[in-house]
Amino acid sequence: MSAAATDVATTGARARGGAAIDPASRSDRVRGGLFRALLLSCILVSAGMLVTLLLDVGLDGAKKLSFDFLTNSSSFNPDISGIYPALIGTLWLMGLCILFIVPVGVAAAVYLEEYADDTKWWNRLIEVNIQNLAAVPSIVYGILGLAFIVRGPVDVFGLGQGDPIVLAGALTLGLLVLPVVIIAAREAIRAVPPSIREGSLALGATPWQTIWKQVLPASVPGIATGVILALSRAIGETAPLIVIGTASFVAFAPSGPDSIYTAMPIQIFEWISRPQPEFQQLAAAGILVLMVVLLLMNSVAIWLRNKYESKW
Amino acid sequence: MIEVDRVTDKPPVTPNLSTQVAERDVARPDVPREAVFALEGVQVCYGDVPAVAGVSFELYKNQITAFIGPSGCGKSTLIRCLNRMNDLIPSASIRGKVLYHGVDLYADGVDPVQVRKRIGMVFQKPNPFPKSIYDNVAFGPRVLGMKDDMDDIVERSLRKAALWDEVKDRLKTNAFGMSGGQQQRLCIARALAIEPDVILMDEPASALDPISTSAIEDLMLELVGQYSIVIVTHNMQQAARVSDRTAFFNVDLDGGRRVGRLVEYAETEKIFTNPDDERTKEYVTGKFG
């Protein structure tokens, strides 16, 4: 505090005579304490659920978790059963999914942020639609994927011939999370200050050069974070994969985009639905592996955000 | 004071300040000047609301022209018409003619991108790109596909902007690490790199401290030998110090709406010592605004 401010404060205290500031009243303190306790208990409910879940899964799954579990295929014998094909299947799904959602999602976001004229009704309709699509139940995307991508007119360019191949699964999951990517990318693009665009255009850059060389590089951290968060949602999705007919028992890892595959959530679901307790433990171990992969992806997102965070 | 000294004490690159001003004084009177811009009845509206109307005047080559006036008088709006930056605001529309060397900038078939290659702009707040100092300067020449050696262009531009000596050892570091005044000179260097004909400056020193402001003003006086400069400023002393001609704008109440109008346009000396219009006199003597 500056000398002048101190002067003012002491002068004020003298004018009031005696104590400068009244002590807090008892009822204020009690109410404040109660409110704090209420907030804390709300936190404890959600944190407690998570800890219980983790402990339960951890204790069950730890018995089956081993290096062999990661490298073995699924088997009817729970002692040698592993998650390898499902793990690799999930990685294939995520990889192909990225190839689909990044270009499509970013391009859609660039259109909506940089080109679309908000005063036109069709652009506003698209915006509302994208926000609604983000809330559509995932099973609906499964039905869409089954009708149009696996069997229907798209049929993944004839590769699948009606079979549920990796590419079909990746495209279905991609459609599911595309709205999330578009919304995240739009926010990242909007966060680039207009002064950067003006500066670039004032140098004779075309709108396209401005977007490609200034706006998009500056919004990469936000876009990357959004993509990874979208993938975090996709990796745990089970319902759409079940609907499009993803195999639940595959003994081999997929060898290409047109292979039959299984994914971790499907494998976990399949183990859980068996009566023997040993398969329940396998399911718990599978959940642990899934959570580790998820945690790794989220860590990458946080790392990206901190590393490239722009300071306007 | 350090920055000011650096700007002025550099004879090999930039001629001594006082001699340059003297040369311009000699060259100034009597000669019919070549007009860079000729505005004819320019009116700019945002939506249906006119921001500035009825502006007709000529801006001359190798002069610094200052736009002064109270807030809301449309001077920033007008300067942004000179390189079609108002195109970025969807609701903005313009009537009248903005002739640049006789070509109407708003005629059909004129590409705003081509306009901005010739007419550079420096903004109120320094807006360096989130890149290295080098890449900031090189961005314009790269997107325009200029063929010269890029290192040469960068050095030449930074020298012209009186920034080279301060940054030559850290060209690859991020431009955000510079001071506000240095960032603004970097933005000027960036504008110079594409070799424009005119530089528009929209309150270039309003976000800067007095020393940096002084450095920018010295820089403008050095650059005006090669370029034509238009500056919008709230600072009347600044207009008096640097400009050759001054345009005074005022806000008129026009049927209940506030519209900016050009009140008086003359040589700076006349505007500040012997203006024709009473409103100009009141403004420059600080009676209002």
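# Two chains, question by question

Reader: Which residues of helix α6 (residues 150-160) of chain B are buried?
Author: This is a predicted model. In helix α6 of chain B, the buried set mixes several residue names. It consists of B:I153, B:V154, B:S157, B:L158 and B:K160.

Reader: How wide an arc do they cover around the axis of α6(B)?
Author: Take the buried residues B:I153, B:V154, B:S157, B:L158 and B:K160. They sit on the same side of α6(B), because the arc they cover around the axis is only 160 degrees.

Reader: Which residues are exposed on the other side of α6(B)?
Author: The buried residues share one side of α6(B), as their arc is only 160 degrees. The other side has exposed residues. They are B:D151 and B:D152.

Reader: What covers the buried residues of α6(B)?
Author: The cover includes other helices of chain B. Two of them are α5 (133-143) and α7 (164-167). Also included are α8 and α9 (210-223).

Reader: Which residue just after α6(B) takes a positive phi?
Author: Helix α6 of chain B covers residues 150-160. Just after it, one residue has a phi of about 55 degrees. That residue is B:A162.

Reader: Which helix gives the most to the largest nonpolar core?
Author: That core has 86 residues. Those with the most contacts inside it are B:A189, B:I199, B:L200, B:M220, B:I229 and B:V230. One helix of chain B, residues 180-193, gives the most to this core, seven residues, and that helix is α8.

Reader: What is B:I229 in contact with, leaving aside its neighbours within four places in sequence?
Author: B:I229 is among the residues with the most contacts inside the core of 86 residues. Its partners include B:I199 and B:M220, which are also on that list. The full set is B:I64, B:I199, B:M201, B:M220, B:L223 and B:V224.

Reader: How many residues are in the second, separate core?
Author: This core includes A:I101, A:V181, A:V192 and A:M264. It is separate from the core of 86 residues. Its count is 67 residues.

Reader: How many helices and strands are there in chain A?
Author: Along the sequence, chain A follows the pattern α-α-α-α-α-α-α-α-α-α-α-α. Chain B has twelve helices and ten strands. Chain A comes to twelve helices and zero strands.

Reader: What percentage of the residues in chain A are buried?
Author: A residue is buried if 20 or more other C-beta atoms lie within 10 Å of its own. For chain B, 47% of the 289 residues count as buried. For chain A, with 312 residues, the value is 34%.

Reader: Is A:S73 buried, exposed or partly exposed?
Author: A:S73 lies in the loop between α3 (67-71) and α4 (84-115) of chain A. Buried starts at 20 neighbours, and exposed ends at 12. A:S73 has 16 other C-beta atoms within 10 Å, so it is partly exposed.

Reader: How far apart in space are A:S73 and A:I83?
Author: Ten residues separate the two in sequence. A:S73 is in contact with A:G82 and A:Y84, among others. From C-alpha to C-alpha, A:S73 and A:I83 are 5.8 Å apart.

Reader: What separation do the C-alpha atoms of B:D244 and B:H234 have?
Author: B:D244 is found in the loop between α10 (236-242) and β9 (245-254) of chain B. B:D244 and B:H234 are ten residues apart along the chain. Their C-alpha atoms are separated by 16 Å.

Reader: How far apart are the C-alpha centres of the two domains of chain A?
Author: Domain 1 is 27-61 and domain 2 is 81-308. Four residues of domain 1 are in contact with six residues of domain 2. The C-alpha centres lie 32 Å apart.

Reader: Which element gives the largest share of the side of chain A that touches chain B?
Author: The contact takes 17 residues from chain A and 22 residues from chain B. On the side of chain A, two elements give two or more residues, α8 (194-202) and α9 (207-236). The largest share, six residues, comes from α8(A).

Reader: Where in chain B does pLDDT stay under 50?
Author: The complex has an ipTM of 0.83 and a pTM of 0.80. Chain B averages a pLDDT of 86. Its pLDDT stays under 50 over residues 1-27.

How values were computed: Residues are numbered from 1 along each chain as its sequence is written. Chains are lettered from A and ligands numbered from 1 in the order in which they are written. This is a predicted model: local features need pLDDT of at least 70, side-chain atom pairs count only at pLDDT 80 or more; totals for chains, interfaces and linings use all residues. pLDDT is the predictor's confidence in each residue, from 0 to 100. Two residues are in contact if their C-beta atoms, placed from the backbone, lie within 7 Å. Domain bounds come from an automatic or database domain assignment. Helices (H or I, at least four residues) and strands (E, at least two) are DSSP runs, numbered from the N terminus. A nonpolar core is a set of buried Ala, Val, Leu, Ile, Met, Phe, Trp, Tyr and Cys residues joined through C-beta atoms within 7 Å. The arc is that of the directions from the helix axis to the C-beta atoms.
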